[in-house]
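The following exercises concern a predicted model. Each task is followed by a worked solution.

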Amino acid sequence: MATSRVINFGAGPSALPQPVLKKAAQGLLNFNDTGIGIAELSHRSKEFVAFLSNAESHIRTQLEVPPTHSILFTQGGGTAQFSAVVLNLLSRHRLLFPDLADDERTMDYVLTGSWGKKAFDEAKRLGGARARVAVDARKYSKDNVSFDNVPLHGEYAFSRAPALIYYCENETIDGVQFSPDPTAPTSFPFALLPRERGGLLPLVGDHSSSFMSRPIPHLGEHAVIFAGAQKNVGPAGLTILIVRQDCLVDVDAAAKLGAIPVPLCLSYTTLAQSKSLHNTPSMLSIYITGLVLEYMKELGGIAYYEALNRRKAEKVYAAIRAGEEVGVFQGKVQSGSGSWMNIVFNILGDGAEARFLAGAEKAGMKGLKGHRSVGGIRVSLYNAVTEANADILVQFMEKFVSEANS
Ligand code: PLP
């Protein structure tokens with residue numbers, strides 16, 4: 001049995017800040033001086049309701065969420081949102097444009113990785129041929145089958161008045177992200193999106209694996225942003241939603257006009273009206289997430305983490321490039337599309353990957369094995385991975401390269 005903590009580079013659930021975990025352990029016994037542990041307390045108690053509201057304001061202030069958007073807490077992970085965004089935004093479209101033919105209620109999916117593809121598959125299951133692909137990055141990959149790039153702006157084709165436009169900002173499995181630099185060719189093509197009357201966009205972003213790690217470009221223009229907590233901000237079990245208020249629609253009225261009925265627990269309106277307390281929420285996850293958000297604020301908020309995450313990623317990419325030059329490593333993602341949060345590469349040579357993983361584990365580092373669907377190595381550098389942690393990995397990578405060449 002391990003006697004001390006290791007450095008956890010896992011992709012999620014992932015590392016959490018240790019000072020927060022220590023504090024949370026106290027809250028498990030006695031939450032905010034109630035004399036009751038957080039896992040035993042009523043979600044309707046005034047102490048918990050106040051904590052929830054405080055967690056919401058941490059997200060609002062740190063991410064600069066405008067008053068046009070509600071912040072909601074729910075369960076079911078990103079996966080439940082693959083269904084919820086379809087159902088809520090098709091309902092909204094039905095109410096906004098009741099006279100449109102069904103096949104005009106399109107849903108445009110931008111596919112840059114495995115999670116976007118999973119969301120698209122669910123949209124097809126629920127909405128049939130109305131779900132369409134605006135761009136498929138595999139067409140522009142080195143091998144025609146992998147997700148290894150963000151396509152250039154000229155490659156996107158959006159429909160005229162879609163019910164939703166969907167993208168995944170950071171692809172956790174494939175290690176692909178849209179560039180945060182709006183002038184980069186691999187940035188998200190905000191300027192190309194078809195707008196509704198009044199200039200609104202039905203834009204949905206899955207931000208599960210980059211949430212709270214850096215600012216969200218064009219946040220105020222999104223219809224829905226969603227993120228599971230279990231990468232950067234907390235334990236699994238909590239999903240955070242940022243929903244523009246015109247997307248809080250009467251889903252039952254939409255169903256009467258022919259929209260797919262929406263289960264109440266997936267309806268954004270239900271969540272908003274109940275202030276995220278339609279049913280018992282994942283209190284422990286919310287508690288730890290609230291503590292993480294407070295800790296983030298103390299350290300300097302999003303600006304601090306953006307700079308830190310950029311530095312950590314640059315160091316690891318530099319180590320990969322150095323290994324590439326001598327034929328030991330092979331980066332998987334095309335230049336300009338590499339994620340800061342999940343960095344993927346191969347180790348060349350028979351048995352070399354197993355040696356790398358065993359050596360890393362011996363040196364106190366875990367969670368470096370790539371996703372089972374793509375293999376290779378994946379280094380997840382979420383907020384709780386410190387720069388010192390990343391430095392230890394980089395030193396290990398450098399040593400591995402020099403030993404492979406000696
Ligand atoms: N979207 C992204 C980008 C993810 O990384 C994941 C999980 O890792 C999901 C969605 C699915 O999340 P969940 O397992 O919480 O349903």
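**Exercise 1.** Locate His 218 between its flanking strands, and determine whether His 218 is buried, partly exposed or exposed.

Solution. His 218 lies in the loop that connects strand E8 (203-206) with strand E9 (224-228). Its phi is near 55°, a positive value in a residue other than glycine. A residue is buried with 20 or more other C-beta atoms within 10 Å and exposed with 12 or fewer. His 218 has 15 such atoms within 10 Å, and is therefore partly exposed.

**Exercise 2.** Apply the reasoning to Glu 64, stating its loop and its exposure.

Solution. Glu 64 occupies the loop between helix H2 (46-63) and strand E2 (69-74). Phi of Glu 64 is also positive, near 55°. With 13 other C-beta atoms within 10 Å, Glu 64 is partly exposed.

**Exercise 3.** Identify the peptide bond that joins Gly 12 and Pro 13 as cis or trans.

Solution. Omega is about -5°, and the bond is cis. Pro 13 belongs to the loop between strand E1 (7-8) and helix H1 (18-29). Gly 12 is one of the residues around the ligand. The ligand shell divides into 2 nonpolar, 8 polar and 1 charged residues, and helix H3 (residues 77-96) gives the most to it, with 3 residues.

**Exercise 4.** Explain why the largest nonpolar core lies between domain 1 and domain 2.

Solution. The core has 109 residues, of which Tyr 109, Tyr 166 and Leu 381 touch the most other members. Helix H7 (residues 283-299) contributes the largest share, 8 residues. Domain 1 (39-296) and domain 2 (301-404) both supply residues, so the core lies between them.

Conventions: Residues are numbered from 1 along each chain as its sequence is written. This is a predicted model: local features need pLDDT of at least 70, side-chain atom pairs count only at pLDDT 80 or more; totals for chains, interfaces and linings use all residues. A residue is near a molecule or strand if its C-beta atom, placed from the backbone, lies within 6 Å of it. Helices (H or I, at least four residues) and strands (E, at least two) are DSSP runs, numbered from the N terminus. Ala, Val, Leu, Ile, Met, Phe, Trp, Tyr, Cys and Pro count as nonpolar, Asp, Glu, Lys and Arg as charged, and the others, Gly among them, as polar. A nonpolar core is a set of buried Ala, Val, Leu, Ile, Met, Phe, Trp, Tyr and Cys residues joined through C-beta atoms within 7 Å. Domain bounds come from an automatic or database domain assignment.
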